[in-house]
Amino acid sequence: MPKCNVCHNGCYLKEGDIGLCMARICRDGKVVARNYGKITSIALDPIEKKPLNLFYPGSMVVSVGSYGCNLRCPFCQNHEISYDFDREYPYGIREISPVELADIALQYKDEGNIGVAFTYNEPLVGYEYVVDAAIEVHKRGMKTVLVSNGNVSREVAEEVIPHIDAMNIDLKGFTDAYYRDVLKGDREMVMDFIEMASKKAHVEVTTLVVPGYNDTEAEIKELSKWLSSLDCGRGKESIALHLSRYFPRFKMDVPATDVGLIYHLRDVAGKELDHVFTGNC
């Protein structure tokens with residue numbers, strides 16, 4: 001029985017079985033991406049919406065998403081395309097080949113577009129499409145961006161990272177219990193991915209601050225200290241951190257994070273990092 005090598009879930013799949021991410025399937029004895037080229041969302045977004053504040057600020061980027069995710073965050077904002085659908089996405093799926101996607105990006109160059117961002121769902125559960133499309137985008141002299149939760153194996157990371165110019169990676173908290181029990185993820189795997197990516201690409205990190213789960217001064221301080229220890233190839237400048245305010249979504253009804261706390265935690269993180277941004281405030 002083949003085992004999927006993409007992430008921490010390590011799904012063993014019989015012929016025709018679909019993985020926990022809803023995006024991978026066993027066909028002809030191999031685990032492949034069933035969501036290859038299947039686009040549920042496409043838009044021309046400001047680069048700051050990814051969020052990337054230090055990579056071509058003021059520019060636009062064609063942003064695309066498919067379906068599937070390897071986490072189970074109870075506050076997911078995109079759960080309809082991440083995993084909360086009955087095998088058939090209700091709003092329609094458009095098939096876009098890597099070549100067609102790169103051509104679309106080029107069409108919007110005069111409107112300030114710098115390339116393509118793989119985002120909205122978790123792109124790396126369909127990493128094959130990300131790699132193929134990124135190669136085509138680079139052929140046209142444009143940039144590639146990845147927005148990811150970072151729960152990906154080293155094997156897949158090594159295949160993807162060389163083709164990406166900039167990434168925003170979620171580091172959703174800094175305790176194994178939060179990752180394991182709430183998100184159904186693997187913190188160590190995320191940290192490994194951030195460290196690998198930061199040596200090759202421009203990387204910024206996002207932490208959604210959820211009251212009662214990852215909102216203590218001590219946790220944000222430790223998270224920030226770890227980020228500051230990474231060699232990101234920009235001299236003495238550290239990786240940028242985005243602290244984002246949580247709002248009730250999907251299955252979680254915890255009250256929204258206090259704005260004052262976000263600003264306080266920004267100041268805490270700022271003692272370790274050169275760039276700390278706030279979001280959803």
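User: What makes N280 count as partly exposed in this model?

Analyst: N280 has 39% relative accessibility. The partly exposed band runs between the under-20% buried cut-off and the over-50% exposed one, so N280 at 39% gets the middle label. Bear in mind that we're looking at a predicted model.

User: Where is N280 found, and what is its phi?

Analyst: N280 sits in the segment after β12 (276-279). Its phi is positive, about 65 degrees, although N280 is not a glycine. Most residues other than glycine have a negative phi.

User: Then what about D28: which sign does its phi have, and why is D28 called exposed?

Analyst: D28 isn't a glycine either, and its phi is positive, near 55 degrees. You'll find D28 in the loop between β1 (24-27) and β2 (30-33). As for the label, exposed means over 50%, and D28 comes in at 74%, so it qualifies.

User: How do you know whether the peptide bond from K50 to P51 is cis or trans?

Analyst: Look at omega: it is near -5 degrees, and the bond is cis. Most peptide bonds are trans. P51 itself is in the loop between β4 (41-46) and β5 (60-65).

User: What makes D45 and K50 a salt bridge?

Analyst: Their side chains meet at 3.0 Å, N to O. The criterion is a Lys or Arg side-chain nitrogen within 4 Å of an Asp or Glu carboxyl oxygen, so the D45 and K50 pair at 3.0 Å passes.

User: Are those two buried or exposed, and how do you know?

Analyst: Buried means under 20%. D45 has a relative accessible area of 4%, so it is buried. K50, at 6%, is buried too.

User: Why does the pair R140 and D103 tie together parts that are apart in sequence?

Analyst: First, the bridge: the closest N and O atoms of R140 and D103 are 2.8 Å apart, so the pair is within the 4 Å limit. R140 lies in the loop between α3 (127-139) and β8 (143-148), while D103 belongs to helix α2 (residues 98-107), so the contact links parts 37 residues apart in sequence. R140 is partly exposed at 21%, and D103 is partly exposed at 31%.

User: What makes D267 and R266 a salt bridge, and how many does the structure hold?

Analyst: D267 and R266 meet at 3.3 Å, N to O, so they also pass the 4 Å test. D267 is partly exposed at 43%, and R266 is partly exposed at 30%. Elsewhere, D103, E136, K139 and R140 are joined into one network by salt bridges that share partners. The structure holds 13 salt bridges.

User: Which residues gather in the patch of negative charge on the surface, and what makes E159 eligible?

Analyst: The patch is D132, E155, E158 and E159. Membership asks for over 30% relative accessible area and no salt bridge, with like charges joined within 9 Å. E159 has 40%, so it clears the area cut-off, and it is labelled partly exposed.

User: Which helix gives the most to the negative patch?

Analyst: Helix α4 (residues 154-160), with 3 residues. E159 has its place in helix α4.

Terms used
Residues are numbered from 1 along each chain as its sequence is written. This is a predicted model: local features need pLDDT of at least 70, side-chain atom pairs count only at pLDDT 80 or more; totals for chains, interfaces and linings use all residues. Side-chain values use heavy atoms; hydrogens and water are left out. Patches are made of residues with over 30% relative accessible area and no salt bridge: like charges are joined within 9 Å, nonpolar side chains (Val, Leu, Ile, Met, Phe, Trp, Tyr) within 5 Å. Accessible areas come from the Shrake-Rupley method with a 1.4 Å probe; for residues, only the protein chains shown count as cover. Lys and Arg count as positive and Asp and Glu as negative; His and the chain ends are not counted. The place of a charge is taken as NZ of Lys, CZ of Arg, CG of Asp or CD of Glu. Helices (H or I, at least four residues) and strands (E, at least two) are DSSP runs, numbered from the N terminus. Buried means under 20% relative accessible area, exposed over 50%, partly exposed in between (1.4 Å probe, protein chains only).
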